[in-house]
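Here is a small set of exercises to work through with the model open beside you. Try each task before you read its solution.

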Amino acid sequence: MTIKETRLYVFNRDGWRCVVCGKRTDWSTGQLAHRIPKTKYNVKTYGERIINHPMNLRLTCNAAVLI
């Protein structure tokens with residue numbers, strides 16, 4: 001999957017709503033966040049494929065990223 005396809009898949013899967021606060025998002029306000037953080041240790045342990053897999057990503061709004 002390309003980045004754009006992955007992003008579209010996650011947006012559709014999460015119903016275009018932030019999984020943290022439930023606020024409606026769009027392309028400009030929505031962001032993808034990793035459930036398992038993308039750290040050097042985690043990338044070494046799990047690999048890039050697992051860390052960047054769509055099931056490890058969730059849709060968040062700009063405000064939820066600050067929490």
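## Exercise 1: The cysteines

Cys61 has a relative accessibility of 2%, so it counts as buried; buried means under 20% relative accessible area, exposed over 50%, and partly exposed in between, with a 1.4 Å probe and protein chains only. A word on the ground rules: this is a predicted model, in which local features need pLDDT of at least 70, side-chain atom pairs count only at pLDDT 80 or more, and totals for chains, interfaces and linings use all residues. Residues are numbered from 1 along each chain as its sequence is written, and side-chain values use heavy atoms, with hydrogens and water left out.

**Task.** Find how many disulfides the whole structure holds, and work out where Cys18 lies.

**Solution.**

Step 1. Apply the cut-off: a disulfide is a pair of cysteine sulfur atoms within 2.5 Å. Searching the whole structure turns up 0 disulfides.

Step 2. Check Cys18, which is in no disulfide: its nearest cysteine sulfur belongs to Cys21 and is 3.7 Å away. Cys61 is in no disulfide either, and the nearest cysteine sulfur is that of Cys21, at 3.6 Å.

Step 3. Place Cys18 in the loop between helix H1 (3-13) and strand E1 (30-34). Helices (H or I, at least four residues) and strands (E, at least two) are DSSP runs, numbered from the N terminus.

Step 4. Look at the surroundings of Cys18. It counts as buried because its relative accessibility is 4%. From C-alpha to C-alpha, Cys18 and Gly30 are 7.4 Å apart in space, with their positions 12 residues apart in sequence.

## Exercise 2: The strands

**Task.** Which residue in E2 does Gly30 stand opposite, and how many bridges join E1 to E2?

**Solution.**

Step 1. Recall that two strands pair if DSSP finds at least two bridges between them. E1 and E2 run antiparallel and are joined by 5 bridges.

Step 2. Read across from Gly30: the residue opposite, in E2, is Cys61.

Step 3. Consider the burial of strand E2 (residues 57-61). Of its 5 residues 4 are buried, so the strand is largely enclosed by the rest of the structure.

## Exercise 3: The aromatic rings

**Task.** Which residues do ring pairs link into a cluster?

**Solution.**

Step 1. Set the rule. Rings of Phe, Tyr and Trp (its six-membered ring) pair if their centres lie within 6.5 Å; planes under 30 degrees apart count as stacked, over 60 as edge-to-face and the rest as tilted. The count by this rule is 3 aromatic pairs.

Step 2. Take Phe11 and Trp27, a stacked pair with 4.9 Å from centre to centre and 25 degrees between the planes. Phe11 is in helix H1 and Trp27 in the loop between H1 and E1, so this pair ties together parts 16 residues apart in sequence. Phe11 counts as buried, at 0% relative accessibility, while Trp27, at 38%, counts as partly exposed.

Step 3. Add Trp16 and Trp27, an edge-to-face pair at 5.7 Å centre to centre and 90 degrees between the planes. Both residues lie in the loop between H1 and E1, so the pair ties together parts that are 11 residues apart in sequence. Trp16 counts as partly exposed, with 22% relative accessibility.

Step 4. Put these together: Phe11, Trp16 and Trp27 are linked into a cluster by ring pairs.

Step 5. Now turn to the backbone. Most residues other than glycine have a negative phi. Trp16 is not a glycine, yet has a positive phi of about 55 degrees.

## Exercise 4: The whole chain

**Task.** In what order do the elements of the chain run from the N terminus on, and which of them has the lowest mean pLDDT?

**Solution.**

Step 1. Count the secondary structure: 4 helices and 2 strands. Their order from the N terminus on is α-β-α-α-β-α.

Step 2. Check the confidence, using pLDDT, the predictor's confidence in each residue from 0 to 100. The chain has an average pLDDT of 91, and 94% of the residues score at least 70. Helix H4 (residues 62-65) has the lowest mean among the elements, 69, and helix H2 (residues 40-46) the highest, 97.

Step 3. Finish with burial: 25% of the 67 residues in the chain are buried.
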